[in-house]
Amino acid sequence: MKVELKGMEEMLKAVRELEDRGEALEKKALFEAGDIIKEAVSSEAPVTNRMIPERGLLKKSITRSGLKHEGGVSYVEIKPSGKAYYGKFVEFGTSKMAANPFMSRGYDKSVNKAMERAIQVFKKGLGL
């Protein structure tokens, strides 16, 4: 007995192409959504307080990382970078300074818009 599936190679090729396109769409969606959150966090960052040595440094330091993977999950990070290491102290407070959760506020204000943008990227990329 012989079983032959015609069109199997074409189907496998289409599946591989869809997988490649899906990875590219995932990256684009995460980058665009991350940029929306980055802008919102930056807008919430204080320009000055006693922890901030240079006026506006924290606001300017907010960055979006490249694509990261952990435990089968892809993501981007939004965080202060460089000299603005003290952003975590501003966010969570210290024994001598009350918390100013600028990152949490920025995230909360923008997460829905970021999710909508990611969905738009996938829909457009898949022709839906």
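**Exercise 1. Is serine 74 buried or exposed, and what surrounds its side chain?**

Step 1. Serine 74 counts as buried, because its relative accessibility is 17%. Buried means under 20% relative accessible area, exposed means over 50%, and partly exposed lies in between (1.4 Å probe, protein chains only).

Step 2. Note the source of the numbers. This is a predicted model: local features need pLDDT of at least 70, side-chain atom pairs count only at pLDDT 80 or more, and totals for chains, interfaces and linings use all residues. Residues are numbered from 1 along each chain as its sequence is written, and side-chain values use heavy atoms, with hydrogens and water left out.

Step 3. Place the residue. Serine 74 sits in strand E3 (residues 73-75). Helices (H or I, at least four residues) and strands (E, at least two) are DSSP runs, numbered from the N terminus.

Step 4. List the neighbours. Leaving aside residues up to four places away in sequence, serine 74 touches Glu26, Leu30, Leu67, Lys68 and His69. A contact means heavy atoms within 4.5 Å.

Step 5. Pick out the polar contacts. The side chain of serine 74 meets the side chain of histidine 69 at 2.9 Å. It also meets the side chain of glutamate 26, at 3.4 Å. A polar contact is a pair of N or O atoms within 3.5 Å; within protein, one must be able to donate a hydrogen and the other to accept it, and residues adjacent in sequence count only if both atoms are side-chain atoms.

**Exercise 2. How many residues apart in sequence are glutamate 23 and serine 74, and how far apart in space?**

Step 1. Find glutamate 23 in helix H1 (residues 8-44). Its relative accessible area is 45%, so glutamate 23 is partly exposed.

Step 2. Compare the two distances. The pair is 51 residues apart in sequence and 9.8 Å apart in space, C-alpha to C-alpha.

**Exercise 3. Which residue forms a salt bridge with arginine 105, and which parts of the chain does the pair link?**

Step 1. Apply the rule. A salt bridge is a side-chain nitrogen of Lys or Arg within 4 Å of a carboxyl oxygen of Asp or Glu. The whole structure holds 8 of them.

Step 2. Name the partner. Arginine 105 pairs with glutamate 44, and their closest N and O atoms are 2.7 Å apart. The pair links distant parts of the chain: arginine 105 lies in helix H4 (residues 102-125) and glutamate 44 in helix H1, 61 residues apart.

Step 3. Check exposure. Arginine 105 is partly exposed, because its relative accessibility is 31%. Glutamate 44 is buried, because its relative accessible area is 17%.

Step 4. Try another pair. Lysine 68 bridges to glutamate 77, with the closest N and O atoms 3.0 Å apart. Lysine 68 is partly exposed at 30%, and glutamate 77 is partly exposed at 27%. Shared partners also join Lys28, Glu32 and Arg117 into one network of salt bridges.

**Exercise 4. What pattern do the helices and strands of the protein chain follow?**

Step 1. Count the elements. There are 4 helices and 4 strands.

Step 2. Read along the sequence. The pattern is α-α-β-β-β-β-α-α.

Step 3. Add the totals. Of the 128 residues in the protein chain, 27% are buried. Among contacts with a separation of 6 or more, 56% come from residues 24 or more positions apart.
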